[in-house]
There are 2 protein chains.
Amino acid sequence: MELISLENAINILLQHISPIKQIEEKSILDSLGFILSEDIYSPINNPPFNRSPLDGFSFNSDLSLGASKNNPKTLTVHNEIYAGDHLYEDVPSNMAVRIMTGAPIPNGCDCVIKQEEVIFNENSNLLTIFRELKKYENFCFLGEDLSLGDLVMNRGEIITYSHIGVLASLGIENAKVFKKPKIGILSLGSELTMPGTELKNGQIYNSNLFTIASKLNYLGVEAILYPPLKDDIDEVSNFIDIHLDEIDLLITTGGVSVGKKDIMHDVLKKINAERLFWKVDIQPGTPVLASLKNEKLILSLSGNPFASLVNFELLGRPVLDKLSSGTIKKTSTILAEVVGNFSKKSIKRRFIRGYYSEGKVYINNDKHSSGTISSLLGKNSIVEISSGTPFLIDGDKVKVILID
Amino acid sequence: MELISLENAINILLQHISPIKQIEEKSILDSLGFILSEDIYSPINNPPFNRSPLDGFSFNSDLSLGASKNNPKTLTVHNEIYAGDHLYEDVPSNMAVRIMTGAPIPNGCDCVIKQEEVIFNENSNLLTIFRELKKYENFCFLGEDLSLGDLVMNRGEIITYSHIGVLASLGIENAKVFKKPKIGILSLGSELTMPGTELKNGQIYNSNLFTIASKLNYLGVEAILYPPLKDDIDEVSNFIDIHLDEIDLLITTGGVSVGKKDIMHDVLKKINAERLFWKVDIQPGTPVLASLKNEKLILSLSGNPFASLVNFELLGRPVLDKLSSGTIKKTSTILAEVVGNFSKKSIKRRFIRGYYSEGKVYINNDKHSSGTISSLLGKNSIVEISSGTPFLIDGDKVKVILID
């Protein structure tokens, strides 16, 4: 069977998935990072009343006409208004009120003067001012932030902390959002056992499940961890048949190569899944396999730890990005200079681990075997080596995919 | 009272907090983003046995001596070994075994040849090979990834998806980590009511609580949202006395200025908190107030929405960074060219909203009032205007703090 190109594989995958359009309602605090599924119009005027922006005195600005240092004006203070007060009593036209930050400015008043600028005698209730005030000086208008009916947010916007603050300011406690993808992860392999259990002869611990699940979590996507299954066609087929409905994408690891226990091929036949492709021109992870069952994608990654990560980053991540309408963190690709060397000839397009920093990518002293996992620690990127490259040495220019 | 500089205020705060050193045990999947509180040594050899990296046949490489296309060698295949098999039976020295990827290589064998390279007759169990194999060709050694007792991770490392994968591969299901800070947020103001309730005369919805809580959540820090309290010294004092023990830092908003209902000053006296500073040379958010009670920091932000955000970003974020040993996302500061204009004279160091992109910061068409919240939408930065700057116009160079 012909290998297909990575780009071709990605295109095929993207043709067979759509952004998730199911809607759920979330408390605004829980909606962080989700996509709004509705336009938001302001249900109120905000502020809901004319408001004082400072602590001082409010009155009709006409009363200050002609006031100056040499010609101070004196007003009687009628009342005090605090933030939260329900007072909407009119102020007699020749009087002032004492007013605190955030309090409603009563009818008849059109300006506020700072308390630091005046002299106020608490016993006589007399206020002395030394300057003229402009109409609407220090006056926050009703609806000045947002007016009733204003379009505030658009369907499709990603909800950030500032959206949540604005929604709260409008009294909105829940928001309708598009659901995020729910990804099931299933590892195949009779040799696999779970961390925390005793290792029997011939067994290894299942790490792919955890590497990929925590990568999904890191990207803000919900991962459902299925227990690993043995290389048994019936068992795996039944499991997938039962669980495929509860998720938006199934990622499997293992069982995709050409060995006698590479059962995914038979499993897909048994569950009547349509194979989209098998084998991509990349190394490691060549035998990655994609299929479709009831319009749901099953992405079957290589079982080797690093190979499965390469498959996930190159093929799984574009799928997640489309499923979640672009809300997950993107990888980026840059050119960098190699530090270290890699002596194997690359017949296919090869991907190896690297640590990128400031224009350089470090590939030295690594265990590059695709079955090796510890050398993932401290890496932040995948280095692409073009097919036909005999080796890499210090100073070579390579493409680096930043995956963190 | 003298204003202190922002830098001075930050220094004072940092002197009075320490990184959280309480330890908790988490399942490895839940430990993502936490800091390891212990060194991790490998409890096993990984792989735990010599392992085949591919599907093929394994034997003693001496048996292949002299094999070539013109001089093929034929071996009898003794058995089949699959991944997960418990077989450790020795292979007779003149025979081969069929072996699958991940299966243990039995004693007596020291190489594996790919099944694509050989001819195998299933009926006669005869294997024909056409080349010599080197000792340990296609042979994964026991412990080749990690050996029993190897130091794998260091106390202080931030746990990433690759740490979780490696921990899983070693059979480790839980990790000891430093707790993350738990931040309480308390908004003061008799005018405040919660989203979802009916707005009465003189009330506004509490947005600061949600803006700051969701910013904390965005930074991966746990926020505890307290219901807003009225401007009542006893009520607020009691509340803080009761709840301060359950959190690592208390952030309050409102009540810090000089008005008659700015009660935080009296509250701090009443609970015997030590005032660290009050009033910083920044605008908005000048009256920010910091205090210490039982060695716990209380950071009291301005009540105006944008002012409280400025206080949080400039003063709260360094505190969180130290509390959480540097695990939260950092802000960064860059120089950018202004697009738009800002016509107010800045007497203090002023901070306004902006949208930064590719060397430019857009400040146009904004409602810059610190009581306005909707104009936070779509912004990703805070623009610093030096004290004494008369205005900003297109092309001016300014410092921009990227807060997202």
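Two strands pair if DSSP finds at least two bridges between them, and the strands themselves, like the helices, are DSSP runs numbered from the N terminus (helices are H or I with at least four residues, strands E with at least two). This is a predicted model, in which local features need pLDDT of at least 70 and side-chain atom pairs count only at pLDDT 80 or more, while totals for chains, interfaces and linings use all residues. Residues are numbered from 1 along each chain as its sequence is written, and chains are lettered from A and ligands numbered from 1 in the order in which they are written.

Strand β9 of chain A, residues 126-129, is a convenient place to start. In β9(A), A:Ile129 is the bridge partner of A:Lys73. That bridge belongs to the pairing of β9(A) with strand β5 of chain A (residues 73-81), which is antiparallel and holds 4 bridges. Strand β8 of chain A (residues 119-121) also pairs with β9(A), again in the antiparallel sense, over 3 bridges. Here A:Thr128 of β9(A) stands opposite A:Ile119. The hairpin of β8(A) and β9(A) has 4 residues between the strands, and in it A:Asn125 takes a positive phi near 60 degrees. The covered face of β9(A) carries A:Leu127 and A:Ile129, and the uncovered one A:Leu126 and A:Thr128.

On a wider scale, chain A is divided into domain 1 (6-20 + 180-323), domain 2 (23-46 + 144-178), domain 3 (56-129) and domain 4 (332-402); such bounds come from an automatic or database domain assignment. The centres of domain 1 and domain 4 of chain A, taken over C-alpha atoms, are separated by 25 Å. Each of these two domains of chain A gives 13 residues to the contact between them, where residues are in contact if their C-beta atoms, placed from the backbone, lie within 7 Å. On the domain 1 side, β18 (282-283) and α6 (305-323) of chain A each supply at least two residues, and α6(A) has the largest share, 5 residues. That side divides into 7 nonpolar, 4 polar and 2 charged residues. In this count Ala, Val, Leu, Ile, Met, Phe, Trp, Tyr, Cys and Pro are nonpolar, Asp, Glu, Lys and Arg charged, and the others, Gly among them, polar.

The contact between the chains takes 70 residues from chain B and 70 residues from chain A. In chain B, α2 (161-169), β14 (204-205) and α3 (208-218) each supply at least two residues of the side that touches chain A. The largest share of that side, 8 residues, comes from α2(B). By class, the side of chain B has 34 nonpolar, 25 polar and 11 charged residues.

A turn of 180 degrees and a shift of 0.0 Å along the axis lay chain B on chain A with an RMSD of 0.0 Å, the copies being superposed by least squares on the C-alpha atoms of residues with pLDDT of at least 70 in both. The two copies are therefore related as by a two-fold rotation axis. The C-alpha of B:Gly220, 5.8 Å from the axis, is the nearest to it in chain B. The copies meet through the same surface, because 100% of the interface residues of chain B are also interface residues in chain A.

One residue of chain B, B:Asp85, lies in the loop between β5 (73-81) and β6 (95-99) of that chain. Leaving aside neighbours within four places in sequence, B:Asp85 is in contact with A:Gly202 and B:Ala103.

Key. A residue is buried if 20 or more other C-beta atoms lie within 10 Å of its own, exposed if 12 or fewer, and partly exposed in between; C-beta atoms are placed from the backbone.
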